Amino acid sequence: MEYVFKANGISKKYGKYTALSDVNMEIPKGAIYGFVGKNGAGKTTLIRIMCGLQKPSSGFYELLGKTADDPDISKARRRVGAVVEAPAIYKDMTARDNLIQQCLMLGLPDFGNVDELLSLVGLADTGKKKARNFSLGMRQRLGIAVALCGNPDFIILDEPINGLDPQGIIEIRELILKLNRERGITFLISSHILDELSKIATNYGFIDNGHIVRQMSSNELKNECRKSVRMKVSDVGLLTKIMEEKGIEYKVISNNTADVYSELNFSTIAKDCDNVGCTIITMEEHDESLEAFYLSLLGGKEDVQKSVC
Amino acid sequence: MFRNLYADSRRIFFSRSFYVVIFIIFIYQLIASLLIWALTVFLSEGQVASDEIAFLYPSVAAFIVTISTLFITQRDFEDGCIRNKFISGVKRYDAFLSAVICGMLQGALLTIVAFVSSMIVMPILSKGFMDFSIPEIADYWIVITLACMSIGAFSTALIMIMGGSKISYVAGLAVAFLLKMLGTHVLDKLYPDKGNCMLTGTKLELYKFIDRYIPYSYLLDEPHWDSLSYIVGCTGLVVISVVVGVIVFTKKEIR
Amino acid sequence: MKNIYRANMHRILKNWIYILGCIIAIVVTFVFTANTIGMSERFEKMGCDGRMIFISLAMMAYFTIFVPLNTNAEYRDGTIRNKLIAGFSQKEIYLGILFSHITSLAIMEACYFIAGIVGGAKISVELLTKSFIMFLSIAAYISVLEMIAMRVKKTVLVAILAFLILYLTDNIVMIGNLLLVFVLKGNSFVIGRIIYNISTMGQWINMIGMADKRNNPGYGVLIIISLSIIIVTVLLGTLGINKRDIK
């Protein structure tokens with residue numbers, strides 16, 4: 001498999017504080033990689049290292065096939081776009097001028113794609129308005145447009161839907177999916193809004209306390225996120241007896257509700273309950289959300305598993 | 001108003017930059033005095049009179065006070081903390097007046113520090129005053145203090161008026177520099193080294209006005225006007241800063 | 001680096017503060033050179049050429065404000081990150097921005113020169129030489145400001161340090177005049193003279209003929225001093241810059 005980014009044992013220390021510790025990470029080509037972690041986990045630090053803003057204290061990485069000390073790394077970086085934390089835009093320039101600046105800096109021969117990019121992010125009608133007068137959402141969109149200049153192969157977005165309204169969130173999501181599908185652009189998206197991420201990510205990386213805890217594909221995540229059937233019955237004690245006889249995992253929620261973690265044949269269960277005199281009031285399927293999975297993986301634990309990749 | 005004033009004043013003493021400026025005053029006084037002492041003793045083979053090293057601070061006072069007010073007042077805009085004040089109900093003119101009073105406080109405190117540092121250095125490196133009596137020394141330091149307070153008020157008012165824009169970073173410093181240049185030119189014309197003052201008419205009156213009533217000029221030479229002129233000049237600058245500042249600041253849009 | 005230079009020149013040429021600066025340079029130079037405001041005594045005696053060189057110092061004051069704010073915008077707006085992400089090194093960014101500022105000085109200098117000629121100054125070898133020396137001297141000053149603006153990220157500190165440099169250049173000249181005329185002799189005079197002419201104002205005072213003739217070490221030496229300042233500040237400014245972390 002081809003990777004756009006591979007990190008090998010990356011650590012980053014700021015004085016005595018360790019922001020990243022022995023991080024191993026792979027981002028497959030063509031993926032939309034969801035990068036998830038608590039505040040202060042080290043996401044932005046790793047992103048800064050990826051973007052060349054900072055150097056790791058130890059370890060090495062490969063970006064689009066080039067290592068950091070490769071003389072051709074700058075050519076590889078030309079194929080990368082990023083929005084790191086706050087969008088980096090000239091506040092005394094218009095949206096158009098900001099994109100022209102980026103095109104000039106990338107050495108692009110013309111500015112033909114500027115108008116297309118502005119339409120793509122919904123800023124086509126900003127005219128002569130200076131970026132300092134933009135709303136937060138508009139600045140965010142402009143930052144994304146700047147990252148898209150030069151048709152990059154790999155785009156890094158640090159909290160891209162910060163400040164966007166619901167319509168804007170949908171538009172950015174669809175833009176990411178479109179660019180990924182049509183142009184094969186690989187994305188790394190760091191976000192706290194897990195439900196939004198779960199709609200688009202094809203791969204995930206979970207980071208905590210400077211370590212990569214898990215990396216997995218979205219399929220693996222689906223399998224891991226536990227499905228259950230929530231049953232509301234007249235007597236939960238009778239239900240638990242049936243479950244134990246069948247060897248089915250369950251969890252009692254209240255004196256009339258239990259979650260059953262298994263594929264159930266509803267007809268069989270109904271018959272068994274009827275036999276023991278237990279009435280089934282309601283049954284509904286539950287998927288463990290990404291949030292719940294995230295909390296079970298990272299939330300509230302003192303000892304975090306080190307990188308398992 | 002007083003709660004806000006207390007909070008702003010307290011912030012001065014929590015600000016690292018204020019102590020850095022104090023340190024700079026000490027270092028400047030020490031190094032400049034040592035330089036003058038070395039030049040006088042080794043090159044001119046003379047003795048250093050206290051007059052030469054007691055009043056080194058005025059030549060940089062305008063700059064130092066402007067820096068201090070810039071560090072502390074600009075922070076409010078940079079960090080966005082000025083918004084917290086208005087959100088919690090502080091009125092515009094309260095916030096402005098409080099900032100200006102704190103600017104004056106900084107001017108006064110820094111002058112006191114300069115006075116103390118000169119009193120420490122003087123007896124070590126010099127033999128005593130040649131041309132100044134004790135009342136004259138006291139008068140000079142009072143004028144310096146008043147001038148620094150009014151400059152502190154003015155530069156704070158400038159920052160509050162322009163706060164949040166790029167120009168606010170340089171406006172006070174540019175004004176201090178320009179007025180220093182102007183004041184030097186005015187002094188040179190009014191009190192030439194050789195011969196008499198050749199100015200007449202409107203030009204003479206204008207130059208005299210600048211020398212007599214602009215506090216930045218007070219820091220360029222020892223006092224040579226009556227006390228009332230200095231009080232009027234300093235008060236005038238403070239009043240103009242406050243009046244214009246309040247009018248502009250109450251209408252200003254804060255981002 | 002070429003792309004950084006081009007991009008920054010594009011930005012400067014669109015900046016209204018710079019355009020206004022060029023317009024003011026033209027107007028003020030013309031007015032001063034042609035003496036349309038009727039200045040008397042010392043300024044009348046200078047002649048058109050002398051007045052033209054005299055007013056060139058205003059560009060130094062202008063760039064004291066322009067260079068730090070324009071350069072520091074890279075940190076304030078965070079746009080230096082875009083350049084680093086695109087693969088440029090911090091050294092390339094430094095040099096690209098420095099050269100664009102020196103080019104902007106050259107453009108302003110051209111405006112000033114044309115305005116001076118229109119105002120009555122005569123093109124001569126002397127005028128061209130003095131203008132060139134002033135250009136190099138202000139370029140050296142810009143190089144110092146650039147070093148500060150690229151190494152110091154806080155805007156307040158950059159503004160303060162820029163004006164501190166301006167103050168220092170002024171004080172070097174004031175104290176230097178005194179020392180060079182009355183105190184320093186022999187080797188100490190030679191060293192003092194070089195330090196005096198490191199300051200842009202020192203070179204300016206020599207160009208307008210207000211300093212003692214002995215303070216002028218010669219046009220060749222002045223050019224060497226300015227070029228040396230540029231080289232030293234670039235070396236110091238780029239020392240270890242690529243290892244710096246950017247947030």
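How many residues does the contact take from chain A and how many from chain C? In this predicted model, 26 residues come from chain A and 22 residues from chain C. On the side of chain A that touches chain C, three elements each supply at least two residues: α2 (73-77), β6 (80-83) and α3 (95-106). Of the contributors, α3(A) gives the most, with six residues. Sorted by class, the side of chain A that touches chain C has 14 nonpolar residues, alongside six polar and six charged ones.

A second part of chain A to follow is strand β3, residues 32-37. Six of its six residues are buried, so β3 of chain A is largely enclosed by the rest of the structure. Burial here is a matter of neighbour count, the threshold being 20 or more other C-beta atoms within 10 Å of the residue's own. The side chains of β3(A) can be followed in two sets: A:Ile32, A:Gly34 and A:Val36 point one way, while A:Tyr33, A:Phe35 and A:Gly37 point the other way, and all are buried.

Which strands does β3(A) pair with? One partner is β8 of chain A, residues 186-190, which runs parallel to β3(A) and is joined to it by four bridges. Within this pairing, A:Ile32 stands opposite A:Phe187 of β8(A). Another partner is β9 of chain A, residues 203-208, also paired with β3(A) in the parallel sense, over five bridges. Here A:Tyr33 has A:Asn203 of β9(A) as its bridge partner. A:Ile32 and A:Tyr33, which point opposite ways from β3(A), thus give one reference point for each pairing: A:Phe187 in β8(A) and A:Asn203 in β9(A).

Conventions:
Residues are numbered from 1 along each chain as its sequence is written. Chains are lettered from A and ligands numbered from 1 in the order in which they are written. This is a predicted model: local features need pLDDT of at least 70, side-chain atom pairs count only at pLDDT 80 or more; totals for chains, interfaces and linings use all residues. Two residues are in contact if their C-beta atoms, placed from the backbone, lie within 7 Å. Ala, Val, Leu, Ile, Met, Phe, Trp, Tyr, Cys and Pro count as nonpolar, Asp, Glu, Lys and Arg as charged, and the others, Gly among them, as polar. A residue is buried if 20 or more other C-beta atoms lie within 10 Å of its own, exposed if 12 or fewer, and partly exposed in between; C-beta atoms are placed from the backbone. Two strands pair if DSSP finds at least two bridges between them.
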